[in-house]
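Here are a few exercises to help you find your way around a new structure. Have a go at each one before you read the solution.

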Amino acid sequence: MTVESTMVFLMALLGASPVLFATLVGGVVALVLWRRAPRPALLVLIACILQFAVTSFGAWLQGCWLPASRAAGEPIVHFAQLMGIWAMCSSILHGVVIGLLVWAAFAQRVRGIPPPMV
């Protein structure tokens, strides 16, 4: 890996750093609240791990694989196909993450009398 490709990868990681940081914080919060609400904490932890993996892979794809592939002379059609496939896969995985977070928000809720609607 050259210095230039390392810089490109680090810039991709820098661009993804807010999401990566938020997922790390979410994972820590899930671990801290594990005893209080184990099922929601598990769902949040799974969502955070999945989000971290998807974001990290996207940063690697953008920062390492694409520049190396381009330097190797891959045709632009190959890039377009790969990015289309990755866009669909990452969109589905982001949907799963959001679904897990919504499920976690309502997991282990005590069923009782709903508050009156005013």
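A crossing is called left-handed if the near helix is turned anticlockwise from the far one by less than a right angle, and right-handed if clockwise. Keep in mind that this model is predicted.

**Exercise 1.** Work out how H2 and H3 are arranged: what is the angle at which they pack, and which hand does their crossing have?

*Solution.* Start by finding the two helices: H2 covers residues 38–71 and H3 covers residues 76–106. Their axes are 8 Å apart, at an angle of about 165°. Angles over 145 degrees count as roughly antiparallel, so H2 is roughly antiparallel to H3. As for the hand, H2 passes H3 in a left-handed crossing.

**Exercise 2.** Take Ala 12 and decide: is Ala 12 buried or exposed?

*Solution.* First, place Ala 12 in helix H1. Next, look at its relative accessibility, which is 8%. Buried means under 20%, so Ala 12 counts as buried. For some context, Thr 55 is 43 residues away from Ala 12 in sequence, yet their C-alpha atoms are 10 Å apart in space.

**Exercise 3.** Now try Val 25: which class does its relative accessibility give, and which surface patch does Val 25 help to make?

*Solution.* Val 25 sits in helix H1, residues 3–32. Its relative accessibility is 38%, so Val 25 counts as partly exposed. Val 25 joins Phe 21, Val 28, Val 29, Val 32 and Leu 33 in a nonpolar surface patch of about 550 Å².

Terms used
Residues numbered from 1 in each chain as written. Predicted model: local features only at pLDDT ≥ 70, side-chain atom pairs only at ≥ 80, totals over all residues. Heavy atoms only, no water. Patch = residues over 30% accessible without salt bridge, like charges linked within 9 Å, V, L, I, M, F, W, Y side chains within 5 Å. Areas by Shrake-Rupley, 256 points an atom, 1.4 Å probe, with all protein chains shown as cover. Salt bridge = Lys/Arg side-chain N within 4 Å of Asp/Glu carboxyl O. Helix = DSSP H or I, 4+ residues; strand = E, 2+ residues; numbered from the N terminus. Buried < 20%, exposed > 50% of the residue type's maximum accessible area, 1.4 Å probe, protein only. Axes fitted to C-alpha atoms, helices over the stretch in contact; angles between N-to-C directions. Parallel < 35°, antiparallel > 145°, perpendicular 65-115°, else oblique.
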